[in-house]
Structure formats: C-alpha cells, structure tokens
Amino acid sequence: MKKLCLNENWQLHEAPLKWGKEYKSQIDRQTDGWYDCSLPADVRMPLIEAGVIKDPVLSDYCRESEWIEDRSWWFRKTFDGSAVCMEDDIVELVLEGLDTRSDIFINGQFIGCHRNVHYPFVYDVKDLLVPGENEIMVRVTSGLEEVAEEDLAELDHAVCLESNNGGEFRGDGRRSFVRRPQYTVGWDWGPKVITIGITGNVCLRSYKTIAIREVHLHTEKLGETARVHAMVNIEDLCFISSKSCDVTVQMVREGAVCAEAKLEKQLLTSGYNYLDLELEVKNPCLWWPNGYGEQPLYEVRVCAACGGETEEYPAFSFGIRTIQLDTSVIAGEDRNFILVVNGKPIYCKGGNWVPNDFIYARVPDEKYHVLTDEAAEANFNMIRVWGGGLYERDLFYELCDQKGLLLWHDFMFACSTYPDHQQWFRDEMRQELDYQTKRLRNHCCMGLYCGTNEVHWIFNSIDNPRWGIEFSYEHQYGLRIANLMAKEIIRNNCPQIPYWNSSPYGGDLPNDDTVGDVHRWHNALMSKKMEERIEAKDYDTIESKFVSEYGFIGPCCRKSTEEYMDGASMDREGNIWHMHSNVFEKGTVNAAIEKNYLDHPETLSLDEYILYGGMVHGLMYGYSLEAIRFKEHCGGGLFWMYNDAWGEVGWTIIDYYLRRKIPFYAVKRALAHQKFTMRAADGQLVLQGANDYPEDLEVSGKIGYVSFDGKVKELRDIVLKVPAGERIYLLKEKLPERDYAAGTVMLYTDSDAVDNIWLRTDDMRQLNFGPNPVRTVEVRQEGEDKLVTVTADGFAHGVYAKGDYDCSDCYFDLLPGEVKTFRIKGIGGKEPVIKQVK
C-alpha cells in the first residue's frame, strides 16, 4: 500500500444552508471569504483563529456561534497528481471523519454522500485523477437540518433534553436521526456546540494486484506455549483471475521474532480471501490490567507476496491475553458480573471517559498521553468509553494497551430512542459497527462492548412510564441494534470480546442489583432529597454486582476557573458561573460543605469554596469507591466522570486544562492496588484487604481505638495477609464502646507502600479533631521535585501542599503520630508551604 497524506493546505468557505451540492459552481466562483486550515478541522477552528468567533468553551461564547449549524461549509484542497502512482490498480480517497452530512467531489465530479461521523468515506478515484492539479471539495453540514418534526414523531419525541432539567439552550431531539457525536447538542456537563467539519485524516491510498484489507489476531490458548490465531483478509484486485500468494505473519518482541506462520502458494480468488494461520509463542509474556501484572506487547508484521508485488500491512501491537465475562449464579437470582483475564477474576476500578473537548477535532495527542498517564497514576484498571461521545482515535487505544487500562466500550447510543425500524438507519449502523469492531478488536485493552448508554433503562414503560414507549418487535426504538445487530456483528468479527446489551442492564428490569451493571443515580446525586445527595454512607448500602456510573460534583482549581470564565465576574450566582456548573448542581456542593465543614458556605471566598468544595468532592468519591470495592460480590466500580470537554463545576477529577482536582487524590487512595478498608455494621468492625498485585501481601501493624488528640492509644499488634489478586475480609469483631466523636478505630501499617486508615463514623464537622497542627520533619530535593516528610501529634485533616503542584499524595489525613513522606513535583527551588483543612 502506498499512502499520500492530504491533511495540509485546505481552505474553508461559508455559504447558506440551502446551497446544496448543486451549488458547487457557485462556490467555485467565490474569490473572497476563504479561510486557511489544516486537518483535522472543525469549522470553528479557523473561525476562532481569524477572530470571527470566540472559543465556545470560554465564558458564554458558545451562544454566540450557534449560527454555525444553520450554514453549509465547503472545504477544498488542490494537490499534484504526479504524487500518485497511477500504475496501481486502485487509488482510494479516504476521509476518516466527516461530521456529519457531507457531499464529496473530485475534480468537479460528485462521488458520494456520507452521513456518519463514526466510519470513514472510501472511494476509488483513480479514473477521476489527472496528472496535473487535482481538487477535492467537501460540503459539510450538521445533518440536523434534514430531520423533520414528522421524523421525531415516529419516536414519540422520546429524546432526553437537558432543557427539561434546567439546562437551558442544551439538547436537540433531532440528534437521534443523525450519526454525529451525540454530546455536541449539549449535555448536563456541557453546552450546545454543534460540531461540523472534516474531523479525521484524509489520504489517498493505492494498491497493486492485492490489498491486505484486515488482520485479526486473538489468543486461543494459554500455557507454556500460547496459541494465537491470525486471520488475514487479502483482496485479489483482479475481477476475473485467480492468483497464487505467499503470506507471512510474525510476532516480534524486543527485536526478536517470537512466532511465525506462513502460507505458501495460497490460491487467491477474485475479491476477498479469508486466510487462517496459527502461531505458537513459547514462554509467552502475558498482558495484564494495571496492577495485576505487566503489559508486554508484541509487534505484529504481516506480509503478502503475489505476482511480483509485495504488500505489507501496517505493523501493530498485540497483547497475549484471554478475557471472559463471568455471569455465573451466586445464589438465587443473584449472578456475578466479573471480567476474567487470563483465568483471573479482575476487580474493575476507574471512571467514565467523555470526549476531551467540545471541539474534538483540535484535541492534541498530548491530552491522550496525559489523561491515560493520570488514569494509571490514579490506579485505574478500567475506563468506560461512554456512548454519547466518540470512537476515539487510534492513539487512545494504543495508550490503553500500554498502560493496562481495560475498556468498557459503549457503542455510540445515549439517552434516546433511535429509528432502527427504518432500513436506512439499520444500514448505517451495520456499517458503523462492522467498521469499529474490526478496527478495535486487536487491542488487548478491549474488555467489553456495550450496546447503549441507558436506552433500555430510560425508555421502558415500567421504570419510566412518562415517555409512553411500548416496544414491539417491529418498532424497537433502538433496541434492535443493541439486542440483535450488535451481537451478530460481534459474533462475526470478534466473538472473543464480551458483549453486554446496555448500561445499565440485567435482571427483571435494567438497573437491577441482582444481575449485570447499575447506574446509581436516583438515590444519589440526582435524588430530589438533598440529604441523599450528600450522604457518603449511602454507598455502604450498595448490593449491585457492578456499578458503572454514579458521581458527585465539585469545582476546578482557581487557575482553571479563571481560564474558563475568561474575565467574567466570579459571582457564584451569576449566569456565566451557572453556565459552567453542571445542571445537577442545585446547591449540592454548598449543602455538602455545610454538612461536613461550616455554616453559610455561600459566604466563602472563591479560594475557600474551591478548597471545601473539593474536599467534599473527594470525600464522596473516596468513600464511595471504597464502599463499592468493599462488597464481596461486586465486580467493579466506575465513577462518572473522569475527564472533561470544557471547564466547569462538575463530575471530573481531571479538568479540561489537565489539572488535577482535589478528588483526584481521594480516588487514587481509594483505588490503591494494595489497600485496607474498614467499615462498621451492626455493631461489628469489619476489615477488608485488597491486593491486585501478582504477589502475596503480608503486612504487620497495629490496630485499635485512638483519640483524635493522640492521647489515647488502645492499639494491639496485627499481621495482615492478602493473597495475590484477591479481596478478602481479614477481621470481624465487636466494635469497642468508645467516644467516636473524640476518636475512632485506626490501623497503622509498618509498610510505607500501604496507607494507614481510620474508621469514619460521622460527618466531618461532628468529629472533634481539635487543633492538631501538622509539622514538617524534613524537606529533601530530588531534581525539580521535593520529598516532604510531615507528622502531627494528633489527627490532622486534609494535609496539602499549597500551590498548583502535582503530588504523589495530597489532601490526605495524618493519623496521630504518623510520619508520612510525599513528593511535590516540579516545585524546583521554592519552599513548600504545607497546610491543612480546618
């Protein structure tokens, strides 16, 4: 394959929406009003650069550019045909991402219409190219303009709109008929920014004699020798003749060929030829999720020789691993929901992923590197790719492979019914799902495909009768795709990857605790009762088998807040502040601050609000993730959400500007690969140990009641042992009768690698910590970092390094007499200022 990249030196022109493809000659005559751009490009990118509009993720500027969706946008590029090998049999134009309704022209010739951002447009243009100057032109619109009120009536207008939830100007019911990133019409966590553009790469690729169209590897058997099956699909480009072909597949690690399989003089017939090969890898290096082991990757090389031509498939990485979904019976109607990797049950822990910008075409590679690095740093082993966003670019999946981040991957359906009773929609979805399952199936990070986000749950007439939806076999409102088509396609393309119909799904009704996964919202942050929204202990009542969504809300740091407010007033009652606050933030943060820290939180300064708001955000995430992991039969806990597409008071622990929010550290501690957790229930103290690592954990320490002032210490020696890769209960005994406002049960470990812990029995402000100032024992320079050792005589709450620094730990509690060393990254020669939350 030869490839010519066409990403550079494009131009963009705006025109009336009514100017359809028949107006191309009108566009050709336009000499003014062209903007220069390179791809990928959303139309807003050159408009921002030219000063026509302001960045819609800042202040309230998103409202100022809503007119963009009511125009048509024309991209054009010229290129020299001499760079194309016209001796090849086919020359394909590939546009990887078109958002969304597109008409494509080559040298004035209309070659096709494309209506789906989730798979590429591909067309053989060899016969349309000329030796000199060639032109590509693409007309793009939002696609929403083609959806009529009559179309929505077919779905009974059953589409979630944030305008019904206080999210003014957010939502558009027409999205159900348009295969675009659903979130761009506005969501609870972001504005309406209708994207339009060529949002993927563009290239010409050419082949002669044969084309290797797809390669699929999967691990069939593990042992001292791993058996890996390879399928190679080679297209014979001659319509009438058969050929003879030699095929080689190699697996290479650290420069050495570890396994090789060959087919010699294989007969190829015209069109597709599906060839199967077996590779034997001796002493295989297995791929494991983060914490459970290493992530070794093999390079896969595929070569085919035919008729004097040699074709090489782009090399890719492959991890040797097996994966299954265990849904076996526990007891009665209760079933497991556990991912099993290489025969080992895995507790899945992490967060939900959304696109990284409301103008997703401009997301730099750096964001993917930082966000996957930070996820691994926070001890994630799973990310859920949410169904209202995107199938991400290849780099994201490669990084997840490298860092051991399993993916729960939704197909792109969210919070809406869909017109899968119409043949055109089913055809679109078949092409989309076929393409994406083939594209992603070789990635060892792929843990589970999921049909939809909340479609089964929201629109069934028992859970939500207000929609008036009654499913029938001929009119399934989107469930035909998830229940039938997706399963068929996965069976054909990648049956080794587990599939689940929806999230949530399982049991008599979706969101049932007995089977499958749940979204824990109605008795948490979306409850109408404020006392349920801000009560951390509510998460101790969870009996679900897998929690794939739930969340709490908190602010970004001051620097990020100032960036997204862009000079607007910091008035927390102002319109712009509310625009950058999640629509579910209806006094929750202030109520949680008042519950845990102090009265009249509305009078706090911005810095105080960020501090206390971040602390309650961290409390809710840290406590809940511990509580979910504490449950014996729960297979995973994923909070909503990890990253953000703009700056706001919202769910995330990493903000839009890639800065850690205060709860990042609480999540990191809660998801530690080796961790102890205490809970009190029915007068009993229960201690759990979790050890993800492939080696057994044995820790000695002391446990018992300790007063917060450190003057009472009723400690006894204890030895704790947790087998490799296990969660077990280590201790269950009567809770001592003591004053739990003045102290609590604490566990001190003798290992610096495993945190000391304390039993939280009440709201923070009901616990009498007293003035226990933290003291700095030592500060040691290591390059641009500092290692800081701190201690306190009594319990010191929320110890942190002041400033916008990333730390190995921060906003942590010090037990009486505890000595802790943590790293402040990038502080250089500055003196650290150590503070604590009063």
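The following legends describe close-up views of a predicted model.

**View 1. The buried salt bridge between Arg139 and Asp103.** Arg139 and Asp103 form a salt bridge in which the closest N and O atoms are 3.5 Å apart. Arg139 belongs to strand S11 (residues 133-141) and Asp103 to strand S8 (residues 101-106), so the contact ties together parts that are 36 residues apart in sequence. Both Arg139 and Asp103 are buried. The pair is part of a wider arrangement: Arg101, Asp103, Arg115, Arg139 and Glu146 are joined into one network by salt bridges that share partners. Side chains of opposite charge can pair when their charged atoms come close. For the model, the count of salt bridges comes to 62.

**View 2. The salt bridge between Asp809 and Arg669.** The side chains of Asp809 and Arg669 meet in a salt bridge with an N to O distance of 2.6 Å. Asp809 lies in the loop between strand S44 (806-807) and strand S45 (812-814), whereas Arg669 lies in helix H14 (residues 663-670), so this salt bridge ties together parts that are 140 residues apart in sequence. Asp809 has a relative accessibility of 8% and therefore counts as buried.

**View 3. Glu254 and its neighbour in sequence, Arg253.** Glu254 is found in the loop between strand S16 (243-253) and strand S17 (256-268). The backbone of Glu254 takes a positive phi of about 50°, although this residue is not a glycine. The side chains of Glu254 and Arg253 meet in a salt bridge of 3.8 Å, N to O. Glu254 is exposed, with a relative accessible area of 75%, while Arg253, at 23% relative accessibility, counts as partly exposed.

**View 4. A patch of negative charge on the surface.** Four residues, Glu294, Glu695, Asp696 and Glu698, gather in this patch of negative charge. Glu294 is located in the loop between strand S18 (271-282) and strand S19 (298-306). The relative accessible area of Glu294 is 61%, so Glu294 is exposed.

**View 5. The hairpin of strands S41 and S42.** Strand S41 (residues 775-782) and strand S42 (residues 785-791) run antiparallel and are joined by seven bridges. Within this pairing, Gln781 has Lys786 of S42 as its bridge partner. Two residues stand between the strands of the hairpin, and Gly783 takes a positive phi near 65°.

**View 6. The cis peptide bond from Leu39 to Pro40.** The peptide bond that leads from Leu39 to Pro40 is cis, and its omega is near -5°. Pro40 lies in the loop between strand S3 (35-37) and strand S4 (41-42).

**View 7. The cis peptide bond from Trp640 to Met641.** The peptide bond from Trp640 to Met641 is cis, with omega near -5°. Met641 is placed in the loop between strand S33 (636-639) and helix H14. In View 2, H14 (residues 663-670) is the helix that holds Arg669.

**View 8. The backbone at Asn511.** Asn511 is not a glycine, yet the residue has a positive phi of about 75°. Asn511 is found in the loop between strand S30 (499-500) and strand S31 (518-519). With a relative accessibility of 22%, Asn511 counts as partly exposed.

**View 9. The buried residue Arg170.** Arg170 is situated in the loop between helix H3 (149-154) and strand S12 (197-198). Arg170 counts as buried, at 6% relative accessibility. Between Arg170 and Phe639, which are 469 residues apart along the chain, the C-alpha atoms are separated by 23 Å.

**View 10. The buried residue Glu432.** Glu432 is found in helix H6 (residues 423-440). The relative accessible area of Glu432 is 0%, and Glu432 is therefore buried. Glu432 and Phe471 are 39 residues apart in sequence, and their C-alpha atoms are 24 Å apart in space.

Notes: Residues are numbered from 1 along each chain as its sequence is written. This is a predicted model: local features need pLDDT of at least 70, side-chain atom pairs count only at pLDDT 80 or more; totals for chains, interfaces and linings use all residues. Side-chain values use heavy atoms; hydrogens and water are left out. Patches are made of residues with over 30% relative accessible area and no salt bridge: like charges are joined within 9 Å, nonpolar side chains (Val, Leu, Ile, Met, Phe, Trp, Tyr) within 5 Å. Accessible areas come from the Shrake-Rupley method with a 1.4 Å probe; for residues, only the protein chains shown count as cover. Lys and Arg count as positive and Asp and Glu as negative; His and the chain ends are not counted. The place of a charge is taken as NZ of Lys, CZ of Arg, CG of Asp or CD of Glu. Helices (H or I, at least four residues) and strands (E, at least two) are DSSP runs, numbered from the N terminus. Buried means under 20% relative accessible area, exposed over 50%, partly exposed in between (1.4 Å probe, protein chains only). Two strands pair if DSSP finds at least two bridges between them.
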